[in-house]
Amino acid sequence: VLRNPIGTPPVAALVSPTDPVAIVFSDQTRPQPRRRMLSVLLDEIVSVPPEQIVLINALGSHRPNTDAELVEMLGPEILGTYPIVQHNAFDRESNEYLGRTTAGHDMWIDSAYTQADVNILTGFIEPHLFAGLSGGPKAVLTGIASQDSILANHSPRMIAHPRATWGVTEGNPIWEEMRQVALWTEPAFLFNVTLNRDKQITGVFAGDLEQAHKAGTEFVARTAMVPVEEPFDIVITSNSGYPLDLNLYQSIKGVSAAAQVVKPGGAIIIAAECWSGVADHAQYTQLLQSAPSPQALLEQIHAAGEVIQDQWQVQVQAQVQSRAEVYVKSSLDAADVEGAMLRVCNSVEETVARLVERYGPDATICVLPEGPMTIPYLMAAD
């Protein structure tokens with residue numbers, strides 16, 4: 001695919017030995033097969049000396065990955081050969097101002113990327129809870145954008161838009177802004193993959209940013225989105241296991257996936273280990289504890305004059321909780337779960353049994369083993 005891409009010459013033809021090259025890859029919170037993808041990609045551009053290629057870890061506003069994590073993500077050979085930049089969304093000096101978007105937001109993007117002659121975006125495509133579908137332009141905004149730019153893109157107004165949801169790109173203001181900003185940076189090449197439940201590659205899409213991403217999203221729509229006729233009383237979900245269920249914050253994606261097909265007044269059960277705790281940032285917990293109920297929290301978010309870190313995930317969670325109960329089976333302490341306004345599930349089986357008693361013997365149950373990687377949707381809403 002790298003030698004026969006969509007809408008561009010082969011990647012090897014896009015670089016020369018004197019070009020400074022920047023390659024963006026996903027951070028540890030994403031199951032991108034980085035070792036395999038980057039090793040193949042780097043082999044294709046072997047004419048460029050390693051010291052002229054910078055690999056940029058698209059952390060968004062996440063914490064930097066540790067040396068041990070980088071070894072696991074990239075392998076010792078790549079890590080020992082190529083310069084690595086861990087994007088810092090909080091350091092204005094390391095980001096370059098690009099302009100103001102159609103939505104009225106100022107955009108700052110990592111200087112290590114903007115100053116390269118040839119930019120290559122890598123990642124994987126899956127349904128996303130408010131960007132519609134990941135991959136493609138999301139590697140730029142939010143992957144290597146400044147904190148202010150990320151917050152603007154994830155503002156309450158943008159998150160609350162009816163088209164800011166799973167599987168929708170066109171007409172989705174969040175994705176539309178991501179595309180606009182990515183196109184400003186004139187990336188030379190996109191290299192995205194799709195994955196199955198075992199994290200194996202099921203499709204490879206490379207070439208022009210818009211054309212290759214469109215081909216990938218159409219494939220995902222056929223293979224990772226499932227129509228259902230009616231909503232369910234109970235939806236049991238996951239966050240697709242390691243590494244996506246590292247914390248409660250990330251696991252709200254699985255909750256949001258379940259919410260697409262739960263009845264009003266129904267119940268969602270998510271099984272997510274949350275081995276890294278509640279969240280990388282304390283703001284998530286602080287926000288959840290700042291209001292007495294999900295509805296009050298939504299009102300507070302929309303009334304606030306500024307956007308703060310993790311507000312978008314809290315907003316999505318509160319939107320779900322406004323119409324369904326959410327139970328969490330995890331390794332977290334009960335106090336941490338309850339502090340996030342969620343209900344503790346000690347046993348999935350026992351919780352289901354109690355809910356079936358409540359909803360009656362005809363209660364309908366949906367199971368989403370892959371959580372946010374396979375998204376159900378109501379046929380009527382198609």
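In this predicted model, R34, R35 and L38 of helix α1 meet V71, E72, M73 and L74 of helix α2. Sorted by class, that contact has 4 nonpolar and 3 charged residues, with no polar ones. Two open sheets are described below, one of 6 strands with mixed pairing and one of 5 strands with parallel pairing, together with the helices that lie on them.

**Helices α1 and α2**

- Two packed helices are described by the angle between their axes and the distance between the axes.
- For α1 (residues 34-44) and α2 (residues 67-74), the axes come within 7 Å and cross at roughly 65 degrees.

**The sheet of 6 strands**

- The strand order in this open sheet is β3-β2-β1-β6-β9-β10, and the pairing is mixed.
- At the edges stand β3 (84-86) and β10 (201-207), each with a single partner strand, so one side of each is left without a neighbour in the sheet.
- From one strand to the next, the twist averages 15 degrees.
- Strand β1 (residues 21-26) and strand β2 (residues 53-58) run parallel and are joined by 6 bridges, and within this pairing F25 has N57 in β2 as its bridge partner.
- Helix α1, already described through its contact with α2, also lies across β1, β2, β6 (118-124), β9 (189-195) and β10, and its direction is at about 165 degrees to that of β1.
- Helix α8 (residues 209-223) lies across β6, β9 and β10, running at about 160 degrees to β10.

**The sheet of 5 strands**

- This open sheet has the order β15-β14-β13-β12-β16, with parallel pairing, and its edge strands, β15 (343-344) and β16, each pair on one side only.
- Strands β14 and β15 run parallel and are joined by 2 bridges, with R343 in β15 as the bridge partner of Y327.
- Between β13 and β14 the pairing is again in the parallel sense, over 6 bridges, and the parallel strands β12 and β13 are likewise joined by 6 bridges.
- Of the 6 residues of β14, 5 are buried, so this strand is largely enclosed by the rest of the structure.
- Strand β12 is mostly covered, since 7 of its 7 residues are buried.

**Residue A267 in β13**

- A267 has its place in strand β13, where it stands opposite E325 in β14 and where I234 stands opposite it in turn.
- The relative accessibility of A267 is 0%, and because buried means under 20% relative accessible area, this residue counts as buried.
- Apart from its neighbours within four places in sequence, A267 is in contact with D233, I234, V235, V262, E325, Y327, L355 and Y359.
- Among these contacts, E325 is the residue that A267 faces in β14, Y327 is the residue bridged to R343 in β15, and L355 is one of the buried residues of α14.
- Taken from C-alpha to C-alpha, A267 and T165 lie 20 Å apart in space, while 102 residues separate them in sequence.

**Helix α14 on the sheet of 5 strands**

- Helix α14 (residues 348-359) has 12 residues and reaches 16 Å from its first C-alpha to its last, which is close to the 16 Å expected at 1.5 Å a residue.
- T351, V352 and L355 are buried in α14, and seen down the helix axis the buried residues fall within an arc of 100 degrees, so they line one face of the helix.
- On the face turned away from that buried side, α14 carries the exposed residues E349, E350 and E357.
- The buried residues of α14 pack against β12 (232-238), β13 (262-271), β14 (324-329) and β16 (365-368).
- As a whole element, α14 packs on the sheet by touching β12, β13, β14 and β16, and its direction makes about 170 degrees with that of β13.
- G360 follows α14 and has a positive phi, near 100 degrees.

Methods. Residues are numbered from 1 along each chain as its sequence is written. This is a predicted model: local features need pLDDT of at least 70, side-chain atom pairs count only at pLDDT 80 or more; totals for chains, interfaces and linings use all residues. Side-chain values use heavy atoms; hydrogens and water are left out. Helices (H or I, at least four residues) and strands (E, at least two) are DSSP runs, numbered from the N terminus. The expected span of a helix is 1.5 Å times one less than its number of residues. Buried means under 20% relative accessible area, exposed over 50%, partly exposed in between (1.4 Å probe, protein chains only). The arc is that of the directions from the helix axis to the C-beta atoms. Contact means heavy atoms within 4.5 Å. Two strands pair if DSSP finds at least two bridges between them. Axes are lines fitted to C-alpha atoms, for helices over the stretch in contact, and angles run from 0 to 180 degrees between N-to-C directions. Ala, Val, Leu, Ile, Met, Phe, Trp, Tyr, Cys and Pro count as nonpolar, Asp, Glu, Lys and Arg as charged, and the others, Gly among them, as polar.
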